[in-house]
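Biologist: I would like a close look at the cysteines in this structure, and at what surrounds them in the overall fold. Please take me through the reasoning step by step.

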Amino acid sequence: LGYRPYPLAVGARCVHGHPQAFVWDPLARFHGGRARRAPLDSGLFRLSCPLLVQAVDRWEAEGAVRQLQAEVDEGRVSECSRA
């Protein structure tokens, strides 16, 4: 990232003991009472389990993002996502 993120919460741990994800504040501007320079980051969640990161990387490499985007573009969004 080029800077230290500031986690607000940690997700459940995987079977290997790694936290699965962090929720963090992309707007955190102060550390130790001093202002810091950090770019605004769009991510509020960061995967942190290396096994989960690898699995998502493989899923994305198989075209999952393109497939999901096509479904959104075509209006094929499941009922549960509209709740």
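Modeller: What follows takes the fold and its surface as a setting and then turns to the cysteines. The model is a predicted one, and its secondary structure comprises two helices and five strands. Followed from the N terminus, the elements run β-β-β-β-β-α-α, with the strands preceding the helices in that order. Of the contacts between residues at least 6 apart in sequence, 34% join residues at least 24 apart. The protein has 83 residues, and 17% of them are buried, while the exposed surface comes to about 6600 Å², with 58% of that area supplied by carbon and sulfur atoms.

Against this setting, the part you ask about can be taken residue by residue. Cysteine 14 counts as buried because its relative accessibility is 14%, which lies under the 20% cut-off used for that term. Cysteine 49 is buried as well, with a relative accessible area of 2%.

As for bonding, the structure holds zero disulfides. Cysteine 14 is in no disulfide, and the nearest cysteine sulfur to its own, that of cysteine 49, is 3.6 Å away. Seen from the other side, the closest cysteine sulfur to that of cysteine 49 belongs to cysteine 14, and the 3.6 Å between them is too far for a bond. The reasoning rests on the cut-off, because a pair of cysteine sulfur atoms has to lie within 2.5 Å to be taken as a disulfide. In this predicted model, then, cysteine 14 is buried and cysteine 49 is buried, yet their sulfur atoms are too far apart for a bond.

Terms used: Residues numbered from 1 in each chain as written. Predicted model: local features only at pLDDT ≥ 70, side-chain atom pairs only at ≥ 80, totals over all residues. Heavy atoms only, no water. Helix = DSSP H or I, 4+ residues; strand = E, 2+ residues; numbered from the N terminus. Buried < 20%, exposed > 50% of the residue type's maximum accessible area, 1.4 Å probe, protein only. Contact = heavy atoms within 4.5 Å. Areas by Shrake-Rupley, 256 points an atom, 1.4 Å probe, with all protein chains shown as cover.
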